[in-house]
Structures are given as structure tokens and as C-alpha cells.
Amino acid sequence: MSQKESPVGTASQSDTARRPSTHVRRRVGGLAVAGGSALLLAGCADTPLDTMAPESPIANEINNLFIGVGIVAVIVFILVQGAVIYMARRFRVAPPKDESQIYPDEDFPEQIHGNTRLEIGWTILPTVIMAVVAFFTLGTLFNLDDVSASDNRQIQKVTVVGQQWWWEFQYHLDDDDIPDIVTANELVLPVGEEIYLDVTSRDVIHSFWIPALNGKRDAVPGRTSPWTIEAGALGRFPGECTEFCGLSHAYMEKWVIGVTADDWQVWADNQMADAEVPTDADALAGWEVFSAQCASCHVLNGLTSLNDTDAADSFEIYDGANRLIDKQTQVSGAAPNLSHFASRSTFAGGIFELYENIDDVDYLDLAQAGDLNRGQLEAWITNAPEQKSNAWDSPTGQRGMTPFEALSSDDVDHLVAFLMTLD
Ligand code: HEC
Ligand SMILES: [Cu+2]
């Protein structure tokens, strides 16, 4: 008897011993899920790329669609899951009392087959729900695809050019093919005007997206895709490249800056002014370094190169050899146009703030009143690849800015002084 009991005893002992560990395991599992979701949600909180903070009519429409479809989905989810849980509990078979016994066949509920009404019902209802969702989705899609921008606009179009790993904006204020303003990473727009965009790329496929203002549009090399954008409010609206495009894809941001129509005009007039040879001694020294080391890639409208830089000839569009740069050559193709670099709030694909504490400063006053983020700018000039991975030394296709570690600290100081005159 005791010999017979002992195995049972051990079994129940090990059973009780095992039980807490299962509980602990479950609890740990639950905690992991809760912690994981909390982390996931924390990733959404306070992110600048909030897709649910629309600031333009079309972004509003997208958001409303999302919320509408979300509500329908939540209701369907609750109904279906509720029915599953209800049925699982309601029709649960009581476990057999004796452990050796299996579930008796007689306990199975009556098996029925075919209920025409029910089947028609659960076919039609989802169809109707999907049709309603499709109706509103298509409406929004058509509105998104309607690229007829505002009639009475100051800007005919902006050509958006993505390249590894920054964005160029070429403003066309009139009907010709020559861009009137060329800038990088910050698209300054008059509030309340829908602006027509031609989205394209110089290398691989990128995607243009400002979550608060519009949907996504791929930037495909060799093709221009029509798009529109409207800043519905004053402010800075961030965007990311949303098509994986290589090494620094995650550091390819851009900003839309919404300003008043009057401010926009002031900004535009300033952007169209040529850069000038500085008078200040430090800045002048900086211009000399720049024309020797940097002008082979970067364009400064209206400035002649001090030296006859042969390196410039290797770039198709920019001819830096002591020539006045005309409108057509504002685009270097190799690097951002720096004619008004100091007027921008960020640099290097919009990832570094050029000025600190900019919230209190008007966008148009940044160059005058901004608190220069000097350390970051100097770090960029001396070794850009270290600040943002690029492929400047790739044998199969160089990308991005080269390191300039040989520059003396005086050179760097002078370069910064010069760049700050480019407002
Ligand atoms: C080989 C071409 C090349 C040369 C030479 C070059 N740059 Fe650049 N530079 C680039 C590219 C490409 C970018 C954009 C990189 C990015 O955003 O990822 C850039 C970005 C910049 C930016 C940020 C511009 C912006 O608005 O985002 C500054 C400032 C700059 N370079 C300064 C300089 C200075 C100063 C020199 C000379 C010491 C120099 N560059 C030489 C290619 C070059
Ligand atoms: Cu990209």
C-alpha cells in the first residue's frame, strides 16, 4: 500500500512544486508583453512624426479616415472576439470526473450543417462593411491624387529631389524650367496655399512624406511624380524618408516651415539674392578656404571661385572655374546649395539643429538672432562621415561629403565665419 502510494505522493509533490513556476512563468510572460507594449507605445508618444496630429486639410481627411476605419475595426473585433469567448464558455463541456475517463461522445453538442440565413448574413454583412470602408477610402485616395493646386499661387511648383541622404527643393516661381530658388532640407511655404510638387530622385528610390501635412509620394529616379502639399498652420513640420534607401536612410529628414504669405515673400526675395564676397577678414579667409576645398561640390549663387579649381570640372552642372554662376547652375547635383545656408534651421538632411533654442526665435530671424550650434557645425565640417555615415570613399559610387580632417582650427573658424555670412 505504502509502496503503491509513494509514486502518487511524489507526483503530487512535484505537481505542487511545479505549479508556482508555471505561475511565475505566466506572470513573467504577462509582464514582458505589458512592458513590450508600453515600450512600443512610448515610441509613439511625443514623437515629432505624429501621424495623428494633422495640420492640413488632406492630412485631416487621412486622419479622419483612419479614425473611422479604426472605430469600425474595433467594433468588429469586439463583436467577433466577444462571440468566440461567449461560445467557448457557454458550450464548454464539463471535464470528466474520473481522470482515466475520456470525454464521452454523448457530451458533444448536436452537430448541424447548413444554415442558409446565417450564411447569407455573414457574407452580406462584411461585404457591406467593406463597401462602406472602401467608399471612404477611395474618396480620400482620389482627393490625395487630385494635384490641382491653388490657382492664385506665388509658387508655380517645387521640384523635390531626393538623394542619398538629403533633400533638395527647387522653387519655380514662374513658368520656365529654371529654378528661382534652390535650397536643401527645409521647404518654406506660405500657410494655407496648396503647392504643387514634382517629386523625383537623383539616385535610388526615396519617399517624400510630411506626416502632419500629406501622404507619401515615392521619389523615383528618372521620373517626376506629381504631388501637393499645404502647410495648414504656422510652424515647423518634420518628415522622414519613408523608402529604405541605404546607409543613412534613417538620417534623411526634411522639414516644412509654414510662414505667413508676407513672411514668405520676404524669405523668397532674400533667397533669390546672390551670395556676396564677405568684407569681414575672418569670413573672407573662410571664403578662400571654401573656394579651394568646398566649391567643387557646393554652389554659391553669384559668387566666382577665387581659384581655378580643376576639381570643379568633374561635376557636370557646376563649372566652378572663375565663372559667374548663373541661375541654371544653382543646382550642383553633388551637394546642397549653400547660398543661404545660415537662413536654415537645420543641416545635413535636417538631422542637426543649426541653431539652439530656436523656439523663441522667428524663422526669418534665425541668422541674426539664432544661437549657433557651433560645435556640431565644426564637427560636420571636419569629419562629416563621422557625424552621419555616408559612402564618400565607396569605389562603386561616392556619396556624401568627404572628411576634412587636415583643416587647421583657424581654417574651420574662418569657414564657420564665412558660412554664417550666407544668410
Ligand atoms: C565631395 C563633395 C563635397 C565637398 C568637397 C564638400 N561638401 Fe559639404 N556636403 C556635401 C554633401 C553631399 C552634403 C549633404 C550631406 C548630407 O546631408 O548627408 C554636404 C553638406 C554640407 C553642409 C550642410 C548643408 C545643409 O544645408 O544641409 C555644410 C555646411 C557643408 N557641406 C559644408 C562644407 C564645407 C565647409 C566644405 C569644405 C571644407 C564642404 N562642405 C565640402 C558634399 C561636399
Ligand atoms: Cu531616402
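Reader: Does Ser 225 count as buried or exposed?
Author: Happy to start there, with the note that this is a predicted model. The computed relative accessibility of Ser 225 is 11%, and the cut-off for a buried residue is under 20%. Because 11% falls under that cut-off, Ser 225 counts as buried.

Reader: Which residues does Ser 225 touch, leaving out those up to four places away in sequence?
Author: Ser 225 sits in strand E8, which covers residues 225-230. With residues up to four places away set aside, the partners of Ser 225 are Leu 197, Asp 198, Val 199, Arg 217 and Asp 218.

Reader: And Thr 224, what does its relative accessibility make it?
Author: Thr 224 belongs to the loop between strand E7 (217-219) and E8. Its relative accessibility is 46%, and the class between 20% and 50% is called partly exposed. Thr 224 therefore counts as partly exposed.

Reader: What distance separates the C-alpha atoms of Thr 224 and Leu 197?
Author: Setting aside residues up to four places away in sequence, Thr 224 touches Asp 198, Val 199 and Thr 200. Along the chain, Thr 224 and Leu 197 are 27 residues apart. Their C-alpha atoms are separated by 9.1 Å.

Reader: Which residues have the most contacts inside the largest nonpolar core?
Author: Let's take a look at that core, which has 69 residues. Helix H9 gives the most to it, with five residues. The core also draws at least three residues from each of domain 3 (157-272) and domain 4 (281-421). The residues with the most contacts inside it are Tyr 171, Leu 187, Leu 197, Phe 208, Ile 229 and Phe 290.

Reader: What arrangement do the donor atoms around the copper ion (ligand 2) make?
Author: The protein donors are His 206 (ND1), Cys 241 (SG), Cys 245 (SG) and Met 252 (SD), at 2.0 to 2.6 Å from the ion. The angles subtended by the four donor atoms run from 92 to 126 degrees. Those angles make the arrangement tetrahedral.

Reader: How many residues apart in sequence are the parts that His 206 and Cys 245 tie together?
Author: Both His 206 and Cys 245 are buried. His 206 lies in strand E6 (residues 206-208), whereas Cys 245 is in the loop between strand E9 (235-240) and strand E10 (253-259). The pair therefore ties together parts whose separation in sequence is 39 residues.

Reader: What arrangement surrounds the iron atom of ligand 1?
Author: His 298 (NE2) and Met 401 (SD) coordinate the iron atom at 1.9 to 2.2 Å. His 298 and Met 401 are 103 residues apart and link distant parts of the chain; both are buried. Six donor atoms surround the iron atom, and because their angles are 85 to 178 degrees, the arrangement is octahedral.

Reader: Around the axis of H7, how wide an arc do the buried residues cover, and what is its value in degrees?
Author: Helix H7 spans residues 374-382, and its buried residues are Gln 376, Leu 377, Trp 380 and Ile 381. They lie on the same side of H7, because the arc they cover is only 135 degrees.

Technical notes. Residues are numbered from 1 along each chain as its sequence is written. Chains are lettered from A and ligands numbered from 1 in the order in which they are written. This is a predicted model: local features need pLDDT of at least 70, side-chain atom pairs count only at pLDDT 80 or more; totals for chains, interfaces and linings use all residues. Side-chain values use heavy atoms; hydrogens and water are left out. Donors are N, O and S atoms within 2.8 Å of the metal (3.2 Å for Na, K and Ca); water is not among the atoms, so sites may look incomplete. Four donors count as tetrahedral if all angles lie between 85 and 135 degrees; four count as square planar and six as octahedral if opposite donors are over 155 degrees apart and all others between 65 and 115; anything else is irregular. Helices (H or I, at least four residues) and strands (E, at least two) are DSSP runs, numbered from the N terminus. Buried means under 20% relative accessible area, exposed over 50%, partly exposed in between (1.4 Å probe, protein chains only). A nonpolar core is a set of buried Ala, Val, Leu, Ile, Met, Phe, Trp, Tyr and Cys residues joined through side-chain atoms within 4.5 Å. Domain bounds come from an automatic or database domain assignment. The arc is that of the directions from the helix axis to the C-beta atoms. Contact means heavy atoms within 4.5 Å.
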